[in-house]
Amino acid sequence: KIRQSLSHETSWQHIGDNPQADVLTARQEDIAAEEFPDARLTRYERSARGKEKFAPLWRSQLAGAMRLARLANPETDARQRAIWESGTQIVGPLLLGFVLWCLEEARARGLRRLYFVARDGQILHQLAQSIARTRKLDVECRYLYGSRQAWHPAAIERFTPDDFEWVLPRTKRLTIDQIFRRLGLEPHDFADLLADAGFPAATWDQPLDRSPQELAGLMLEPRLVAAIEGQARVRRILALEYLTQEGLLEDVPFAIVDIGWYGNLQKSLARLLSLSIRPAGTKLTGFYFGLHQMYKFNDEQTLVGYMNQDQPLLSHFKKQSPIIFELFTAADHGSVLGYQEKNGQIEPVLAAQQNQRALDWGLATLQAAIRQFTTCWLGNMPAADRSLDDYRRVSYQLFRAFYDQPSIEEAKSWGSFPFSEEQVEQTFQQIVPDWSAWETVRAIADHHRRPAGWWAEGTQAVRPNLLLWLYLRWRRLRSARLAS
């Protein structure tokens, strides 16, 4: 009967992902058939669904949202397609769980407002707005322009050795020029002091050849201290006006949201607010994707980490370079340097209106993919049996599969993302350097030769190297032995 009914149709075409059931069987019935392999679940979607014959409904919905968003890929360029797929398969699911947790924590703690701090907070803020609007949550989500460069110097009332932690960080490429830019000063104004300390002008843009802590005497020279504190007062006035304008001094319970990692940004914000007309503002709550350590300004602060809620995951997370997560949350504008008054409003001063390096890489594609996944997930209305603890473990499992065993396309696309580990961004690098085989071997032997956040697994995927393969295998075996 089916064959008779089909005989009256002349334009039937069947499309499916199964070569036997969807293609061969259809053609046996004289139906035009086309195989569509993209509809098959990817390794990430299979992992999200789980291996059970009858998976929990929320996991099937998660895998379905990932696939639906992946298939909406509008890109034709190979790298952009890889970026889109990463956004829907790894980054979107990972960040969505964090944002859901922030919103649930806010409601449980009676908080009415969340401030997503620039720049890591840009895409997180967009996701939070979508979720809160769709779910009709009574939590206001705002984007707050802030940064270490904007808040740390402004929070200085008296410059002491306690401030050396951020002025003189232990990074590989710290220069005199960077130190002074952190403080909002020009080294040329202190050329005589620098020359006496062994730093002629020709050395200001060169990495320090001594421990940053050895500069303590120079930094505490009275003339320099007076300039630092004077610059801090000017910055503090504008910073506090901006924070007041954005409602941080209103009688509304709120929390700040940031990616991590030590709570130092919250510490500076607390110091800033303690110098305002409402010192009670130091009672801050901060939600973070992860915290490696927590430095509190006072005991009234609350710092809570999403990854810190699961000890087995936390132990792996702490061994992971945080730079990859910072790439996931990159923003489309430059870093916040400070604030200025314009047309009666306080506006952020940005290093650049556009983060051109990231945009040229494909940041717009990544953010669009993350939003697309969130839209598909919200449209699926995940089942009530989903717990955030379960979701966190599943989404982090997706990340581990991506990081530990990337495809060549994934390693090439993410390995080429330009980033700077400097507070004042001047030099840029990649987590998969353009190395020769010999340079890779030298990096294995000497960790000082490795760039910040070196993605060894990505390097192996792009440029296979026997010694690197042995090194990665040894590292995995060692981690497994320590874990047991």
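# A guided tour of the predicted model

Begin by selecting Leu-114, Phe-287, Phe-289, Phe-325, Phe-399 and Trp-414, which touch the most other members of the 75-residue largest nonpolar core. A nonpolar core here is a set of buried Ala, Val, Leu, Ile, Met, Phe, Trp, Tyr and Cys residues joined through side-chain atoms within 4.5 Å, and buried means under 20% relative accessible area, with exposed over 50% and partly exposed in between (1.4 Å probe, protein chains only). Helix α5 (residues 78–108) supplies the largest share of this core, 13 residues. A second, separate core has 31 residues, including Tyr-143, Leu-284, Tyr-339 and Leu-350. In soluble globular proteins, nonpolar side chains tend to be buried together.

What you have open is a predicted model, in which local features need pLDDT of at least 70 and side-chain atom pairs count only at pLDDT 80 or more, while totals for chains, interfaces and linings use all residues. Residues are numbered from 1 along each chain as its sequence is written, and side-chain values use heavy atoms, with hydrogens and water left out.

**The whole chain**

Zoom out to show the full chain, which has 22 helices and nine strands; helices (H or I, at least four residues) and strands (E, at least two) are DSSP runs, numbered from the N terminus. Of the 484 residues in the chain, 52% are buried. Contact means heavy atoms within 4.5 Å, and among contacts between residues at least 6 apart in sequence, 69% join residues at least 24 apart.

**Strand β3 and its surroundings**

Next select strand β3 (residues 113–117), where five of the five residues are buried, so the strand is largely enclosed by the rest of the structure. Arg-113, Tyr-115 and Val-117 point one way from β3, whereas Leu-114 and Phe-116 point the other way, and all are buried. Add strand β4 (residues 140–144), which pairs with β3 in the parallel sense over five bridges; two strands pair if DSSP finds at least two bridges between them. Phe-116 stands opposite Tyr-143 in β4, and Tyr-143 is also one of the residues of the second core.

Follow the chain onward from β3 to the peptide bond from Ala-118 to Arg-119, which is cis, with omega near -5°. Arg-119 is placed in the loop between β3 and α6 (121–135). Beyond, in the loop between α6 and β4, is Lys-136, whose phi is near 55°, a positive value in a residue other than glycine. Lys-136 counts as exposed because its relative accessible area is 72%.

**A hairpin and another cis bond**

Now select strands β8 (residues 336–342) and β9 (residues 345–350), which pair in the antiparallel sense over six bridges. Gly-338 stands opposite Val-349 in β9. This hairpin has two residues between the strands, and Asn-343 takes a positive phi near 55° there. Asn-343 is exposed, with a relative accessible area of 75%.

For another cis peptide bond, display Gly-260 and Trp-261, where omega is about 20°. Trp-261 is found in the loop between β5 (254–258) and α13 (264–274).

**The cavity**

Which residues line the largest cavity? Select Thr-171, Arg-173, Gln-178, Arg-182, Glu-421 and Glu-422 to show its lining, which divides into no nonpolar, two polar and four charged residues. In this grouping Ala, Val, Leu, Ile, Met, Phe, Trp, Tyr, Cys and Pro count as nonpolar, Asp, Glu, Lys and Arg as charged, and the others, Gly among them, as polar. The largest cavity has a volume of about 40 Å³, and the structure holds one cavity of 30 Å³ or more. On a 1 Å grid over the protein atoms alone, a cavity is a set of points where a 1.4 Å probe fits but cannot get out, and lining residues have an atom within 4 Å of a point; a volume is the space filled by probe spheres set on the points, which are joined across faces, edges and corners.

**Three single residues**

Is Ala-358 buried or exposed? Ala-358, in helix α16 (residues 356–361), is buried, with a relative accessible area of 1%. Its C-alpha is 6.8 Å from that of Pro-418, although Ala-358 and Pro-418 are 60 residues apart in sequence. Leaving aside neighbours within four places in sequence, Ala-358 is in contact with Leu-363 and Phe-417.

Asn-465 sits in the loop between α21 (456–462) and α22 (466–483) and counts as buried, at 12% relative accessibility. With neighbours within four places again left aside, Asn-465 is in contact with Ala-437, Thr-440, Val-441 and Gln-460.

Finish at Leu-41, in the loop between β2 (32–35) and α3 (43–49), which counts as partly exposed at 28% relative accessibility. Not counting residues up to four places away in sequence, Leu-41 touches Arg-46 and Arg-67.

Definitions and conventions. 1 Å grid on protein atoms, 1.4 Å probe; cavity = no way out; pocket = protein on both sides within 12 Å on 5 of 7 lines; lining within 4 Å.
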